[in-house]
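Colleague: Could you take a close look at a single part of this model for me and walk me through how it is packed? I'd love one connected account rather than a list.

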Amino acid sequence: MGKSLYEKVFEYHTIKQLPSGLYQILVGLHLIHEATSPQAFSMLQERNLNVMFPDRTFATVDHIIPTSGCDRPLSDPLAEDMLVALEKNTAEYGIKFFSPNTNQQGIIHVIAPEKGLTQPGMIICCGDSHTSTHGAFGAIALGIGTTQIRDVLASQTLAMPKLKVRRIDVNGKLKSGVYAKDVILHIINHLGAKAGVGYAYEYGGDLIDNLSMDERMTICNMSIEGGARCGYINPDQKTYDYLQGREFAPQENSWKQAIAYWESIKSDPDTYYDDRVMFKAEDIEPMVTWGISSDQSIGINETIPSFSQFHESERNLIAEAYQYMSFQPGASIKGTKIDVAFIGSCSNGRFSDLETVAQLLIQNRGLKVSPHVKALIVPGSQQVRAEIIKHGYDKVFQDAGFEFRESGCSMCVGINPDKLIGNQICASSSTRNFKGRQGSPQGRTLLMSPVMVAAAAIAGELVDARNFWKINSITPALVGA
Ligand SMILES: CC(C)[C@H](C(=O)O)[C@@H](O)C(=O)O
Ligand code: SF4
């Protein structure tokens with residue numbers, strides 16, 4: 001029996017099995033941000049420990065940063081403290097910090113691939129659950145907690161159990177107007193938000209092979225929302241083409257050697273998987289979450305599911321979801337009035353996501369954000385922002401009534417000034433629809449693709465984006481091309 005990429009990479013990086021039964025794993029790349037690292041550094045200092053490999057550790061500020069400009073001190077004193085701590089810690093230990101002044105800042109999961117830091121066959125860690133994004137490159141990318149950040153800073157190693165591997169195949173062609181975000185929401189809806197516990201998800205099949213790197217990142221990004229510890233896609237020529245020439249990617253002399261390693265860690269054709277599931281791309285519709293968990297989603301033309309459709313064990317959460325969202329079972333999701341529209345996040349804040357929306361707005365010139373909707377477009381990094389401006393798309397967004405902001409996590413998470421108010425409903429391209437996620441304890445989040453968010457922003461309510469744009473020549477193949 002052959003081995004999966006997960007098994008090979010895990011074995012290459014295992015130092016030893018610990019008495020606890022866990023394995024001590026060597027970490028190749030450690031990413032840090034302001035929200036989860038300050039306490040880890042304090043723990044390091046209490047023990048008088050040093051950072052073992054500062055040149056394998058990279059930092060940015062993303063969660064707390066205001067997207068209307070970064071005047072210091074930040075108006076929120078807690079946010080300012082976090083930023084000061086990150087500045088101090090990175091300076092003291094000699095860690096590279098992509099601060100807003102460098103024009104290289106952004107959401108950590110957007111900038112690391114952009115800079116070629118994320119590479120196949122690596123163990124990548126970050127004190128952030130959406131670290132799974134980096135799996136798109138064939139890396140084993142793990143979100144870790146604060147004590148583990150301390151461990152990785154001090155020893156460049158991590159203690160973890162060996163995971164099972166579930167192979168998820170998606171074959172066929174997506175219908176026009178269906179995107180990577182819909183694919184992953186569909187997968188999570190079918191398998192459940194907790195189905196991945198104890199698993200690494202390996203995505204494959206011809207649909208996945210045909211996706212761009214940006215789209216693959218959207219898929220892997222949400223693995224954690226399906227309960228998986230990480231998600232990955234075997235590297236291929238597309239992966240190598242994306243990486244070649246990027247600042248931290250292997251350069252000329254070592255490039256060939258790197259490719260040989262990357263090819264060697266791919267899952268073998270006769271790999272044994274602990275579980276296998278298959279999906280047909282043609283079955284996937286533009287998806288919208290209607291509840292408070294990532295698996296509570298439906299196709300845009302479907303109705304809110306009734307109580308009886310769920311297993312008894314799920315019914316408490318379902319009742320809670322109806323109540324929190326004020327949705328009635330049997331009601332149509334289409335036509336739901338929205339107050340806010342948010343396009344961005346590490347799930348869908350990359351250049352191709354924003355470009356797709358810009359292209360639709362250009363083709364459908366004259367359409368404007370509905371007067372009762374506040375609509376934000378937030379690039380995932382300063383580099384994405386610069387690219388958007390270079391193409392003149394910032395003007396396109398602004399002319400259509402969208403606010404085009406500075407990069408950051410923004411409204412994906414309510415710990416910066418971009419927050420919902422009261423029980424506002426937000427059409428959002430972000431990662432989570434938990435209660436209170438977007439900064440208001442009663443705020444309501446409906447997750448969907450950026451194209452669906454843009455259509456909702458203009459219509460003022462949820463629509464099937466496929467029939468909304470008068471001219472729609474954007475096909476999934478163009479996204480990220
Ligand atoms: C703040 C951080 C720890 C958190 C995470 O772990 O994912 C955030 O990024 C999120 O998306 O909820
Ligand atoms: S964009 Fe959202 S999901 Fe991604 S790291 Fe920031 S808060 Fe977490």
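**A strand and its neighbours**

Modeller: Happy to! Let's take strand S18, residues 425–428, which is covered on both faces: Ile 425 and Ala 427 are buried on one side, and Cys 426 and Ser 428 are buried on the other. Please keep in mind that this is a predicted model.

Now for the strands that pair with S18. Strand S15, residues 340–343, pairs with S18 in the parallel sense, over three bridges. Within that pairing, Ala 341 stands opposite Ala 427 of S18. S18 also pairs with S19, again in the parallel sense, here over four bridges. Ala 427 has a bridge partner there too, namely Leu 446 in S19.

From S19 we can step on to a helix, since strand S19 (444–447) is part of what covers the buried residues of helix H11. H11 spans residues 315–325, and its buried residues are Ile 318, Ala 321, Tyr 322 and Met 325. Viewed down the axis of H11, these buried residues fall within an arc of 95°, so they line one face of the helix. The spacing is a familiar one: an α-helix has 3.6 residues a turn, so residues three or four places apart point the same way. The other side of H11 carries exposed residues, Asn 316, Ala 319 and Gln 323. Just after the helix, Ser 326 takes a positive phi of about 55°.

To put the part you asked about together: S18 is paired with S15 and with S19, and S19 in turn helps to cover the buried residues of H11.

Methods:
Residues are numbered from 1 along each chain as its sequence is written. Chains are lettered from A and ligands numbered from 1 in the order in which they are written. This is a predicted model: local features need pLDDT of at least 70, side-chain atom pairs count only at pLDDT 80 or more; totals for chains, interfaces and linings use all residues. A residue is buried if 20 or more other C-beta atoms lie within 10 Å of its own, exposed if 12 or fewer, and partly exposed in between; C-beta atoms are placed from the backbone. Helices (H or I, at least four residues) and strands (E, at least two) are DSSP runs, numbered from the N terminus. The arc is that of the directions from the helix axis to the C-beta atoms. Two residues are in contact if their C-beta atoms, placed from the backbone, lie within 7 Å. Two strands pair if DSSP finds at least two bridges between them.
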